[in-house]
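These notebook entries record what I looked up in one protein chain. I took the core, the cavities and two chosen residues in turn.

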Amino acid sequence: MGDNPSSTRRSFLRAGAIAAGGVGVMAMPAQAAPGGAHVVKVADFGAVGDGQADDTAALQRAINEAYRLADTGNGYARVEFEAKTYRLASQPVRPVAGRFTTAGQLMIPLRTSGPMITIELAGAGVQTGLQFIYDGEQAPAGTMLKSTVTTSWSGHAEGQPPAVIASPRGAEWGGFNRVAVAVTGVAIQVPSNPTLGGLNLFWAPQARLQGVRVSTPAPLPAVVEPTHRWSTGVVLPGGGNNAVIYLRDVHVCGFHTGVLFSEHTDASSLLVFACKVALAPLGQVLHTSRFGLVTVECCPILISQVDWADGPVAAPAGDRFRIDLLDVEEFNGFDARLNWTRHQVHINDPGNTYRGWIWMARSGRDYLNIPLTLNGAQNLQIHEIQDS
């Protein structure tokens, strides 16, 4: 386990962190799956899934019931969705005096005592990849949580930008909740130029994401420039989580920051498209993370720490990480609507705080004339293994 996250609000903002709190738990009937694992079906709690009705409250009731069953049962419960589009039209939970909560449309319940439990949000159907087509929006495939919310509230004053799904701060190891989160086979969609993030799991002690899509609806050649610095596709658990964070087959598109990560992250088959910053290390001296295949396309900055108020910043303390293959596809003028994605810098590390290895293959030198550009990053070992 690495160092605990700093307790100052400014440090939390620089780390991409969030403030504390939780939501109530409602007891409602559910079904038990074979082997004793509890299964909660969202339709039993009133979720319609027609893409029109606001299913926010119904899905929250299902999540709360899964928490109750995991708490009283074997420590695990699964929320099952159908292969439908569930519209989330309710504003994110906001802080109230004397009781702060992480800002989310759907909240993972707060647990501050007892053994750690796990809640899984399990979609149906098969998620296709981001659709590299020239017309038609990113269509639903299988289960989609479709947020239709825009907000002018950034959460900066509380250090907790809003997200579609969020985990509240707890009391373990400096702030972790005792509820681990798994998301499998689910697409999350937010309006273009998002004013909220997709998944904010900073305070989850463990996280497992597989077959997850977090994107805006526009066709890929027409992704709208994300101008709200607090919008992050996926925020992973912060430093000191004492667990492996597991990602497989995760795609993120259209946010200011693609993926914010810290120690103990094991990720592969990760695609980040059209984000201002693709990968954002937490920026603390912690244990390592490893990435397998990472594809980054049309992102002006590949790696940089991000402040939710200021954008890309210098990390006061750096992370250690390894990327086995970073496949970089840079803007080549194939569509003028993506002019905003033109290259800025590959790695922004002016303080030379990052340490690790990157094996990088770029479609760059010969036909894009973009050299490998580093702002600092002198302690990173970067090996280019492809010249064209």
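**Entry 1: Ile358 and the cores.** I began with the contacts of Ile358, in what is a predicted model. Leaving out residues up to four places away in sequence, I found that Ile358 touches Ile303, Phe321, Ile323, Leu326 and Ile347 among others. The list of its partners also includes Leu380, Gln381, Ile382 and His383.

I then looked up the core to which Ile358 belongs. The largest nonpolar core has 72 residues, and Ile358 is listed with Leu145 and Leu209 as touching the most other members. Helix α2, residues 56–72, gives this core its largest share, eight residues. Apart from this core I noted another of 14 residues, with Val235, Ala280, Val306 and Val345 among them.

**Entry 2: the whole chain.** I next turned to the chain totals. The protein chain has 388 residues, of which 59% count as buried. I recorded three helices and 25 strands as its secondary structure. For contacts between residues at least 6 apart in sequence, I noted that 78% join residues at least 24 apart. The accessible surface is about 13,500 Å², and carbon and sulfur atoms account for 50% of that area.

**Entry 3: the largest cavity.** How many cavities of 30 Å³ or more does a search of the whole structure find? I recorded three. The largest holds about 100 Å³ of space. I counted 13 residues in its lining, with Gln127, Gln138, Ala139, Ala187 and Arg213 nearest the centre. Strands β10 (179–189) and β12 (207–215) each supply at least two residues of this lining. By class, I entered five nonpolar, seven polar and one charged residue for the lining of the largest cavity.

**Entry 4: the second largest cavity.** For the second largest cavity I noted a volume of about 60 Å³. Its lining comprises 14 residues, and those nearest its centre are Cys298, Cys299, Glu329, Glu330 and Phe331. I found that β18 (288–297) and β21 (320–329) each contribute at least two residues to this lining. The lining of the second largest cavity divides into seven nonpolar, three polar and four charged residues.

**Entry 5: Met144.** I located Met144 in strand β8, residues 143–147. Is Met144 buried or exposed? I entered Met144 as buried, because its relative accessibility is 4%, below the 20% cut-off. Beyond its neighbours within four places in sequence, Met144 is in contact with Lys84, Thr85, Tyr86, Gln138, Ala139, Ala187 and Gln189. Of these partners, I had already entered Gln138, Ala139 and Ala187 among the residues nearest the centre of the largest cavity. I also looked up Met144 against Val212: the two lie 68 residues apart along the chain, and their C-alpha atoms are separated by 9.9 Å.

**Entry 6: Ser215.** I found Ser215 in strand β12, a strand that supplies at least two residues of the lining of the largest cavity. Ser215 has a relative accessible area of 6% and is therefore entered as buried. With neighbours within four places in sequence left aside, its contacts are Leu130, Gln138, Ile188, Gln189, Val190, Cys253 and Phe255. I noted that Gln138 and Gln189 appear in this list and also in the list for Met144.

Notes. Residues numbered from 1 in each chain as written. Predicted model: local features only at pLDDT ≥ 70, side-chain atom pairs only at ≥ 80, totals over all residues. Heavy atoms only, no water. Helix = DSSP H or I, 4+ residues; strand = E, 2+ residues; numbered from the N terminus. Buried < 20%, exposed > 50% of the residue type's maximum accessible area, 1.4 Å probe, protein only. Contact = heavy atoms within 4.5 Å. Areas by Shrake-Rupley, 256 points an atom, 1.4 Å probe, with all protein chains shown as cover. Core = buried A, V, L, I, M, F, W, Y, C linked by side-chain atoms within 4.5 Å. 1 Å grid on protein atoms, 1.4 Å probe; cavity = no way out; pocket = protein on both sides within 12 Å on 5 of 7 lines; lining within 4 Å. Points joined across faces, edges and corners; volume = space filled by probe spheres on them. Nonpolar A, V, L, I, M, F, W, Y, C, P; charged D, E, K, R; others polar.
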